[in-house]
There are 4 protein chains.
Amino acid sequence: MFTTKVKVYFYDADPAGIIFYASLFKYVHAAYEDLMRSFHTERDYFFDKEYILPIIHAEADYVRPIRVGDELRIDVIVSLLKDSSFEISYKFYKDDGTFTAIAKTVHVCVLKEQFKKIELPKECYDMLKTNLA
Amino acid sequence: MFTTKVKVYFYDADPAGIIFYASLFKYVHAAYEDLMRSFHTERDYFFDKEYILPIIHAEADYVRPIRVGDELRIDVIVSLLKDSSFEISYKFYKDDGTFTAIAKTVHVCVLKEQFKKIELPKECYDMLKTNLA
Amino acid sequence: MFTTKVKVYFYDADPAGIIFYASLFKYVHAAYEDLMRSFHTERDYFFDKEYILPIIHAEADYVRPIRVGDELRIDVIVSLLKDSSFEISYKFYKDDGTFTAIAKTVHVCVLKEQFKKIELPKECYDMLKTNLA
Amino acid sequence: MFTTKVKVYFYDADPAGIIFYASLFKYVHAAYEDLMRSFHTERDYFFDKEYILPIIHAEADYVRPIRVGDELRIDVIVSLLKDSSFEISYKFYKDDGTFTAIAKTVHVCVLKEQFKKIELPKECYDMLKTNLA
């Protein structure tokens, strides 16, 4: 399991004083990027390939309100790995261990230019497999 | 059914040239605000009440890429109405009618201060009921 | 002078109940895109060129608080036009004519790949000149 | 001098591949929050007071493009301290020490409810003074 952290700043909260629900999806993507980068030393993994991994489904359940100043731990796993797509799951915890939210993203592998679905390249599949739960 | 519009700007797109997936959830909330405001003439519906309607679940399916410059039509319905919670559904279409995305948000009614679940006040329930599909 | 509009949504406001200061810079860019698009019928002006027009300076003065639900009119002019760069000015007004904010962006023309400064292509220079005040 | 860090994620970049100019102002505010929090142990400094410190002026100069994956060091100083207002300056550097951007924010002290200018409370003035350069 891969773990990363995020800090909640003022701009991600809304006039109700809690984080705006869409901000969680930014943290989710930051965690996804941290996971992908953990597989690599070179920084430009996302930009040098002829394929991209766009999100075709996303969902989140908000269990407890998240507030400005919170530091969140995010546990990340590959929860499903198929030939052309995969699902990542994210669990959010506060400093004191309180479970606050859960999210999922489903990614599909497409050719960058044509946006045509292809099989996950072996290097990508194998990388993701190391975090499959 | 309630319909509203959104225009896709540069800042909602990412280096892959399509909108960042979390930006869709901003459009979703804009559509929700437009719906809520359509019930009211006074502007401060969201701020004057002793209750708020936070989102406890959100999900989206991305069917076709959305790009900078697109103007999207969003069809909004109340798809589920319960005593303390409700679900809103959003369908996104391009100018030419192409279906591009679908999303849902589930809202629960809580007291603003204590964040304690309560029944939807009658005025709110009745408002939402007019758009129930 | 070019004029456009923007609507203030929940997600651009912060826990103090007014818009987060950086959100104004998003509205500024939306107004800039609307201006650029007013010169063109084809949608992909920003993406098809070998040059881009990145912002090298930005500033804003916040005169009166802007709140969720406000609809703002933005007056846009080209306030300075030089060989390789230009400045755009933006004035924000509420529905009732109240002046709320002013902003400026300075853009420089660079080759997309090398990020090397070049003279503004004639078509771009001439376009901008039509809004020079 | 106070120093903090920020990591550049995908969602802060735009289709030109560099960070969207308004994203810098988010990093600026994160650095400001980190500074303010460095004065305090309790987390809710921003929310418990009868006064707030809204930004009335902001500006930035973008010296070199910032890209996804960059980790930036931000040097923060109080560059001006007056009776009711103050200015903070932020300098951004890449890992390798390259200077990439500079920004300033001017804050004024106002009563939360009435938005009326008041003198900086002594505790706030004294805090800021410790970082005055």
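## Helix 1 on the sheet of chains C and D

Helix 1 (residues 21-38) of chain D lies across strand 3 of chain C and across strand 1, strand 3, strand 4, strand 5 and strand 6 (99-108) of chain D. Its direction is about 135° to that of strand 1 of chain D. This arrangement belongs to a predicted model, with scores of ipTM 0.94 and pTM 0.95.

The sheet under this helix is open and has ten strands, in the order 1(C)-4(C)-5(C)-6(C)-3(C)-3(D)-6(D)-5(D)-4(D)-1(D), with antiparallel pairing. Strand 1 (2-7) of chain C and strand 1 (2-7) of chain D stand at the edges with a single partner strand each, so one side of each has no neighbour in the sheet. From one strand to the next the twist averages 20°. Helix 1 (residues 21-38) of chain C also packs on the sheet. This helix touches strand 1, strand 3 (55-62), strand 4 (71-81), strand 5 (85-93) and strand 6 (99-108) of chain C, together with strand 3 (55-62) of chain D. The direction of helix 1 of chain C makes about 135° with that of strand 1 of chain C.

## Strand pairing within chain D

Strands of a sheet pair through backbone hydrogen bonds, in either a parallel or an antiparallel sense. In chain D, strand 4 (residues 71-81) and strand 5 (residues 85-93) pair in the antiparallel sense over eight bridges. D:Ile77 has D:Ser89 of strand 5 as its bridge partner. Strand 5 of chain D also pairs with strand 6 of chain D, again antiparallel, over nine bridges. Here D:Ser89 stands opposite D:Lys104 of strand 6. D:Ser89 therefore has a bridge partner in strand 4, D:Ile77, and another in strand 6, D:Lys104.

The hairpin of strand 5 and strand 6 of chain D has five residues between the strands, and D:Gly97 in this hairpin takes a positive phi near 90°. Strand 6 of chain D is joined to strand 3 of chain D by seven bridges, and these two strands run antiparallel. The bridge partner of D:Ala58 in strand 6 is D:Thr105.

## The sheet of chains A and B

Chains A and B form an open sheet of ten strands, ordered 1(A)-4(A)-5(A)-6(A)-3(A)-3(B)-6(B)-5(B)-4(B)-1(B) and paired antiparallel. Its edges are strand 1 (2-7) of chain A and strand 1 (2-7) of chain B; each has a single partner strand, so one side of each is left without a neighbour in the sheet. The twist averages 20° from one strand to the next.

Where the two chains meet in this sheet, strand 3 of chain A and strand 3 (residues 55-62) of chain B run antiparallel and are joined by five bridges. A:Ala58 stands opposite B:Ala60 there. Within chain B, nine bridges join strand 5 (residues 85-93) to strand 6 (residues 99-108), which run antiparallel. B:Ser85 has B:Val108 of strand 6 as its bridge partner.

## Symmetry and contact of chains A and B

Chain A superposes on chain B by a rotation of 180° with 0.0 Å of shift along the axis, at an RMSD of 0.0 Å. This is the relation of a two-fold axis. The same surface serves both copies, as 100% of the contact residues of chain A recur in chain B. A:Glu59 is the residue of chain A that comes closest to the rotation axis, at 2.0 Å (C-alpha).

The contact takes 21 residues from chain A and 21 residues from chain B. Helix 1 (21-38) and strand 3 (55-62) of chain A each supply at least two residues of the side that touches chain B. Strand 3 gives the most to this side, with eight residues. By class, the side of chain A that touches chain B has 16 nonpolar, two polar and three charged residues.

## Helix against helix

The axes of helix 1 of chain A and helix 1 (residues 21-38) of chain B come within 9 Å and cross at roughly 180°. The two helices are therefore roughly antiparallel to each other. Chain A contributes A:Tyr21, A:Ala22, A:Phe25, A:Lys26 and A:His29 to this contact, and chain B contributes B:Tyr21, B:Ala22, B:Phe25, B:Lys26 and B:His29. By class these are six nonpolar, two polar and two charged residues.

## Chain A with chain D, and confidence

Chain A also touches chain D, in a contact with eleven residues from chain A and eleven residues from chain D. On the chain A side there are six nonpolar, two polar and three charged residues.

The mean pLDDT of chain A is 92, and 94% of its residues reach 70 or more. Where pLDDT is low, the predicted coordinates should not be read in detail.

How values were computed:
Residues numbered from 1 in each chain as written. Chains lettered and ligands numbered in written order. Predicted model: local features only at pLDDT ≥ 70, side-chain atom pairs only at ≥ 80, totals over all residues. Least-squares fit on C-alpha atoms with pLDDT ≥ 70 in both. Contact = placed C-beta atoms within 7 Å. Helix = DSSP H or I, 4+ residues; strand = E, 2+ residues; numbered from the N terminus. Nonpolar A, V, L, I, M, F, W, Y, C, P; charged D, E, K, R; others polar. Pairing = 2+ DSSP bridges. Axes fitted to C-alpha atoms, helices over the stretch in contact; angles between N-to-C directions. Parallel < 35°, antiparallel > 145°, perpendicular 65-115°, else oblique. pLDDT = per-residue confidence, 0-100.
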